[in-house]
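User: Please take a close look at one helix of this model and its surroundings, and give me the criteria behind each term as you go.

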Amino acid sequence: MLDRYWIGPTSRISPEAPVPVVRIRRDETRPGGAANVALNVASLGASAAVLGVVGADEAARMLGEQLQARHIAADFIIAASAPTISKLRVLSRNQQLIRLDFEEALDEVGSFDGEALASHYAQALSRCSVVVLSDYGKGTLRDVAALIRAARAQGKAVLVDPKGSDWQRYRGASLLTPNLSEFEAIVGVCRDEDELVARAEALRAELELEALLITRSEHGMTLVTPERPPLHVPTAAREVFDVTGAGDTVIATLAAALAAGVPLARACLLANAAAGVVVGKLGTATVSLAELRQAISGQSATGGVVDEPALLAAVAAARAAGRRIVMTNGVFDVLHVGHARYLEDARRLGDLLIVAVNDDDSVRRLKGPSRPLNPCADRMALLASLRCVDHVVSFSEDTPARLIGHVLPDLLVKGGDYRPEQIAGHDAVTAHGGRVLVLPFHDGYSTTSLIDKAQR
């Protein structure tokens with residue numbers, strides 16, 4: 001597709017109709033649709049080639065020239081009687097006033113040479129690592145099942161941005177990336193996160209997918225894979241300016257990362273960070289490596305006392321940057337040297353240490369009405385002041401199992417004489433590929449003994 005933008009100021013209403021008059025000052029054209037996916041792949045330093053259907057017109061020429069200028073191989077199949085799909089947006093003061101679409105359906109047999117498309121696709125498979133099938137419901141991918149089978153037969157990962165109500169045709173793909181409304185149109189409205197995960201897993205199994213990634217707008221993303229807990233990634237967007245093309249950025253970042261050998265969970269974190277950048281731009285846009293690095297480092301920089309959403313965003317950024325995450329928990333009512341040495345030992349095991357702290361109500365339930373001696377805010381502030389601690393967060397349950405299940409640290413650490421399987425969060429962490437480790441306490445230090453000594 002070709003995206004066009006007519007941009008200019010408006011200061012009056014037309015005398016002919018109750019509509020604003022825009023004085024056009026700028027006319028921009030950008031590759032859109034699958035071409036925007038290819039642009040996003042190339043902007044991250046990967047090699048991209050795009051195969052698609054265009055018309056025999058000026059829009060196709062402009063589209064080809066812009067792709068060539070960005071070193072993207074463009075293989076166009078010319079439609080017999082349809083124009084290049086073009087979308088013209090009129091903007092004033094950074095607001096879209098109207099969009100005009102120029103297109104004809106491509107899903108009728110004879111609208112383009114389907115055999116030529118299949119032949120060119122077969123030739124391209126040998127030269128790629130990952131296949132992205134961007135389905136915009138225009139008809140180009142009317143035989144998408146055959147394209148998936150051909151790629152999978154050669155061992156290629158196949159990522160699909162799905163459209164329509166018939167997802168059986170995507171059976172056997174590696175990964176589908178629907179947004180929440182597209183997903184719920186297939187499985188029904190999900191009342192809560194548990195129901196969303198259950199229906200996602202059922203759909204993934206039914207379609208024989210390796211994974212299903214649901215993009216959830218302000219709620220981030222949810223990745224469902226077999227035999228592992230779901231991965232919930234909080235949104236990374238700081239300011240949403242324009243969501244146009246955000247889905248293209250997500251699937252392009254996933255494809256580039258997977259082609260580079262990045263594990264799927266980390267690729268999703270990178271894609272989430274990239275989407276957070278692109279929604280802050282006007283129109284179809286791309287994310288550069290420099291912008292992605294800045295987004296990741298910027299999120300990672302926020303430390304100290306945080307709430308759960310901020311912690312999850314920081315964890316996502318740290319994991320995308322390849323940092324090893326260590327997590328521990330406790331009451332830490334009277335902070336002493338034993339605690340400090342234990343936390344230093346834990347921090348040396350990774351690149352980021354998270355300390356989860358029981359809030360006051362949970363301490364009273366666990367230790368009686370006379371505890372804690374110090375309120376939760378004070379306990380957290382003292383922990384955050386330690387150089388070895390990166391993030392401190394509170395939890396209200398008796399155990400931090402739920403929180404740990406969201407964080408999914410690389411290493412879960414606890415001090416004492418526990419067995420690893422007794423530690424809250426053990427099952428979730430190990431199921432996701434992490435480890436649980438018990439560290440010995442330093443002799444001679446105990447909160448209980450300090451309280452007893454003070455009372456004597």
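Analyst: What follows is an account of helix α6, its partner α5, and then some individual loop residues.

This is a predicted model, in which local features need pLDDT of at least 70 and side-chain atom pairs count only at pLDDT 80 or more, whereas totals for chains, interfaces and linings use all residues. Residues are numbered from 1 along each chain as its sequence is written, and side-chain values use heavy atoms, with hydrogens and water left out.

Helices (H or I, at least four residues) and strands (E, at least two) are DSSP runs, numbered from the N terminus. Helix α6 covers residues 193–206, and its end C-alpha atoms are 20 Å apart, which agrees with the 20 Å that its 14 residues should span at 1.5 Å a residue; the expected span is 1.5 Å times one less than the number of residues. At the start of α6, a side-chain oxygen of D192 comes to within 3.3 Å of the backbone nitrogen of D194. After the helix comes E208, in the loop between α6 and β12, and this residue has a positive phi of about 55° although it is not a glycine. E208 is exposed, with a relative accessible area of 53%, where exposed means over 50%, buried under 20% and partly exposed in between, for a 1.4 Å probe and protein chains only.

Within α6 itself, the residues E195, L196, V197, A200, L203 and R204 are buried. The buried residues of α6 pack against α5 (180–187), β12 (211–215), β13 (221–224) and β14 (231–233), with contact meaning heavy atoms within 4.5 Å.

The pairing with α5 can be described further. The axes of α5 and α6 come within 11 Å and cross at roughly 70°, the axes being lines fitted to C-alpha atoms, for helices over the stretch in contact, with angles that run from 0 to 180 degrees between N-to-C directions. The two helices α5 and α6 are therefore roughly perpendicular to each other, a label for angles of 65 to 115 degrees, while those under 35 count as roughly parallel, those over 145 as roughly antiparallel and the rest as oblique. On the α5 side the contact is made by L180, F183, I186 and V187, and on the α6 side by L196, R199, A200 and L203. By class, this contact has seven nonpolar, no polar and one charged residues, where Ala, Val, Leu, Ile, Met, Phe, Trp, Tyr, Cys and Pro count as nonpolar, Asp, Glu, Lys and Arg as charged, and the others, Gly among them, as polar.

Helix α5 also holds E182, which is buried, with a relative accessible area of 18%. Leaving aside residues up to four places away in sequence, E182 touches D161, P162, K163 and W167. The side chain of E182 makes a polar contact with the side chain of K163 at 3.1 Å; such a contact is a pair of N or O atoms within 3.5 Å, of which, within protein, one must be able to donate a hydrogen and the other to accept it, and residues adjacent in sequence count only if both atoms are side-chain atoms.

Elsewhere in the chain, F332 also has a positive phi, near 50°, in a residue other than glycine. F332 sits in the loop between β16 (325–330) and α11 (337–347) and is buried, with a relative accessible area of 7%.
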